[in-house]
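User: Please take a close look at one part of the structure below, then follow it into its surroundings. A single connected account with the computed values is what I need.

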Amino acid sequence: GYTNIGLDEARVSYSMTTSYAVPTDEFGVTFVAPPSGNVEIMVSFRYNSGSSGLGDIYVGLSDANATSGYNAVEDFHEELIRDGMGRNELTTIQNYWTLTGLTAGTSYTRWLGVKSSNLIGSPTLEYGGSATGHNPDFIMKATALPATIST
């Protein structure tokens, strides 16, 4: 599965919250589990730390969309990504999760959940744009993995 939001679309920003939330129903990827039952989920998006730079950003995987509300797939899939960035820092976040034990041939959808530890300075998630002032697109993809994974 592959999702690209912001490809030649208007610029969009999402104001962070201090609780995990799926920003939009679009921030998901649908895939069919491979014979191995193992999948890697990758997400990429721009994070703006805001004018204070105080907030840490966390990401997690949800099995519910924005309309239904964030629901953690597993607590070990919720991760601190950036800690104490500078004021107004822009960075492209990339994160990867390994999902195992999925039922081969079954369709799944997983959504990105995000939160910030501090809202001072208005941290945001940003994506998209046309020819002028383009932010990186939001990308979320699922890649089939082999049956054997070294851990």
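Analyst: Ser 122 sits in the loop that joins strand 8 to strand 9. The model is a predicted one, and in it the phi of Ser 122 comes out near 60°, a positive value for a residue other than glycine. Most residues other than glycine have a negative phi. Ser 122 counts as exposed because its relative accessibility is 53%, and the cut-off for that class is over 50%.

A second loop residue with a positive phi is Asp 8, at about 55°, and Asp 8 is not a glycine either. The loop in question runs between strand 1 (2-5) and strand 2 (12-15). Asp 8 has a relative accessibility of 66%, so Asp 8 is classed as exposed.

From the loop of Ser 122, the next step is the strands on its two sides. Strand 8 (107-116) and strand 9 (124-127) are among the elements that give two or more residues to the largest nonpolar core. That core has 28 residues, and the members that touch the most others are Phe 31, Ile 41, Phe 45, Leu 112 and Phe 138. Strand 4 supplies the largest share, 5 residues. Phe 31, taken without its neighbours within four places in sequence, has contacts that include Val 39, Ile 41, Leu 99, Leu 102, Tyr 108 and Ala 142. Gly 1 and Arg 110 are also among the contacts of Phe 31.

Phe 138 leads on to the aromatic pairs. The whole structure holds 4 of them. In one, Tyr 20 and Tyr 70 have ring centres 4.9 Å apart and planes at 15°, so the two rings are stacked. Tyr 20 is in the loop between strand 2 and strand 3, Tyr 70 is in the loop between strand 5 and strand 6, and 50 residues separate them. Tyr 20 counts as buried because its relative accessibility is 18%. Phe 27 and Phe 138 form another stacked pair, because their planes are at 5° and their ring centres 3.6 Å apart. Phe 27 belongs to the loop between strand 2 and strand 3 and Phe 138 to strand 10, so this pair ties together parts 111 residues apart in sequence. Phe 27 is buried, with a relative accessible area of 0%, and Phe 138 is likewise buried at 0%. Ring pairs join Phe 27 and Phe 138 with Tyr 127 in a cluster.

Tyr 70 also appears in the surroundings of Asn 65. Asn 65 lies in the loop between strand 5 (57-62) and strand 6 (79-82), and beyond four places in sequence Asn 65 touches Val 22, Asp 25, Tyr 70 and Trp 111. The Asn 65 side chain reaches the backbone nitrogen of Ser 68 at 2.8 Å. With 18% relative accessibility, Asn 65 counts as buried.

Trp 97, in strand 7 (residues 90-99), also places a side chain against a backbone atom, reaching the backbone oxygen of His 77 at 2.9 Å. Trp 97 counts as buried because its relative accessibility is 1%. Leaving out neighbours within four places in sequence, its contacts include Val 39, Ile 41, Val 43, Val 59, Leu 61 and Leu 112. Ile 41 and Leu 112 are two of the core members named above. Glu 40 and Glu 79 are also in contact with Trp 97. Pro 136, 39 residues from Trp 97 in sequence, is 21 Å away in space, C-alpha to C-alpha.

Pro 136 is in contact with Arg 46, a residue of strand 4. Other contacts of Arg 46 beyond four places in sequence include Leu 90, Thr 92, Thr 124, Leu 125 and Glu 126. The side chains of Arg 46 and Asn 135 make a polar contact at 2.5 Å. The C-alpha atoms of Arg 46 and Ile 93 are 5.9 Å apart, with a sequence separation of 47 residues. Arg 46 counts as buried at 18% relative accessibility. In another part of the model, Lys 115 lies over the face of Tyr 58, 5.0 Å from the ring centre.

Notes:
Residues are numbered from 1 along each chain as its sequence is written. This is a predicted model: local features need pLDDT of at least 70, side-chain atom pairs count only at pLDDT 80 or more; totals for chains, interfaces and linings use all residues. Side-chain values use heavy atoms; hydrogens and water are left out. Helices (H or I, at least four residues) and strands (E, at least two) are DSSP runs, numbered from the N terminus. Buried means under 20% relative accessible area, exposed over 50%, partly exposed in between (1.4 Å probe, protein chains only). Contact means heavy atoms within 4.5 Å. A polar contact is a pair of N or O atoms within 3.5 Å; within protein, one must be able to donate a hydrogen and the other to accept it, and residues adjacent in sequence count only if both atoms are side-chain atoms. A nonpolar core is a set of buried Ala, Val, Leu, Ile, Met, Phe, Trp, Tyr and Cys residues joined through side-chain atoms within 4.5 Å. Rings of Phe, Tyr and Trp (its six-membered ring) pair if their centres lie within 6.5 Å; planes under 30 degrees apart count as stacked, over 60 as edge-to-face and the rest as tilted. A charge sits over a ring if NZ of Lys or CZ of Arg is within 6 Å of the ring centre and within 35 degrees of the ring normal.
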